[in-house]
Amino acid sequence: MLKPLFDRVVLRVKEEEEKSIGGIVLAAAAQEKPQIAEVIAVGPGKTTNHGTLVAPTVKVGDTVVFEKFAGSQIKVDGENYLIAHESDLLAILD
C-alpha cells in the first residue's frame with residue numbers, strides 16, 4: 001500500500017455515471033473529471049518553519065472534494081489512485 005509523506009493524502013477517485021440525465025451514454029472525452037474521492041491514506045502532516053508538526057485535518061475513510069487539476073495519478077496493483085497535498089482538498093462531505 002502507498003504511504004504518503006508530509007501533508008499528502010492518497011485518494012481513490014469515485015467513478016462518475018457514464019450516462020447523462022436523459023440516459024444518453026457519454027463518450028469519455030465529454031465527461032468531466034470527478035472531483036469526489038475517498039481518503040485511503042494520510043501522511044503525518046506538514047512541518048512549519050519553527051519545526052512544529054501540523055497534523056492533517058482529514059482521516060482515512062473521509063469522502064472529500066478536491067480541486068479539478070489536483071495531485072498526481074498513479075496506478076498500483078491495477079488500481080488508480082490520486083496523490084495530492086491536503087491543501088488541494090476543498091471540503092469533507094458528511
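**Exercises on strand pairing and salt bridges**

In strand 8, the residue that stands opposite Thr63 is Leu93. The model is predicted: local features need pLDDT of at least 70 and side-chain atom pairs count only at pLDDT 80 or more, while totals for chains, interfaces and linings use all residues. Residues are numbered from 1 along each chain as its sequence is written, and side-chain values use heavy atoms, with hydrogens and water left out.

**Exercise 1.** Describe the secondary structure of the protein chain and the order of strands in the open sheet.

*Solution.*
1. The protein chain has zero helices and eight strands. Helices (H or I, at least four residues) and strands (E, at least two) are DSSP runs, numbered from the N terminus.
2. Along the sequence this reads β-β-β-β-β-β-β-β.
3. Six strands make up an open sheet, ordered 6-7-1-2-5-8 with antiparallel pairing. Two strands pair if DSSP finds at least two bridges between them.
4. Strand 6 (72-76) and strand 8 (89-93) are the edge strands, each pairing on one side only.
5. On average, neighbouring strands of this sheet are turned by 40° against each other, direction ignored. The axes behind that angle are lines fitted to C-alpha atoms, and angles run from 0 to 180 degrees between N-to-C directions.

**Exercise 2.** Count the bridges that join strand 1 to strand 7, strand 1 to strand 2, and strand 5 to strand 8.

*Solution.*
1. Strand 1 (residues 8-13) is joined to strand 7 by four bridges and runs antiparallel to strand 7. Here Val9 stands opposite Ala84.
2. Strand 1 also pairs with strand 2 (residues 36-42), antiparallel, over five bridges. Leu11 has Val39 as its bridge partner in strand 2.
3. Strand 5 (residues 63-66) and strand 8 run antiparallel and are joined by four bridges. This is the pair that holds Thr63 and Leu93.

**Exercise 3.** Which residues are linked in a network of salt bridges?

*Solution.*
1. The whole structure contains three salt bridges. Each is a side-chain nitrogen of Lys or Arg within 4 Å of a carboxyl oxygen of Asp or Glu.
2. Glu38 and Arg12 form one, their closest N and O atoms being 3.6 Å apart. Glu38 lies in strand 2 and Arg12 in strand 1, so the pair ties together parts that are 26 residues apart in sequence.
3. Glu79 and Arg12 form another, at 3.0 Å from N to O. Glu79 in strand 7 and Arg12 in strand 1 are 67 residues apart.
4. The network therefore consists of Arg12, Glu38 and Glu79.
5. Asp62 pairs with Lys59, the closest N and O atoms being 3.0 Å apart. Asp62 is buried at 10% relative accessibility, whereas Lys59 is exposed at 53%. Buried means under 20% relative accessible area, exposed over 50%, and partly exposed in between (1.4 Å probe, protein chains only).

**Exercise 4.** Locate Glu86 and name the nearest side chain of opposite charge.

*Solution.*
1. Glu86 sits in the loop between strand 7 (79-85) and strand 8.
2. Glu86 is buried and has no salt bridge; the nearest side chain of opposite charge is Lys46, 9.1 Å away. For charge, Lys and Arg count as positive and Asp and Glu as negative, while His and the chain ends are not counted.
3. Leaving out residues up to four places away in sequence, Glu86 touches Asp7, Pro56, Thr57 and Val58. Contact means heavy atoms within 4.5 Å.
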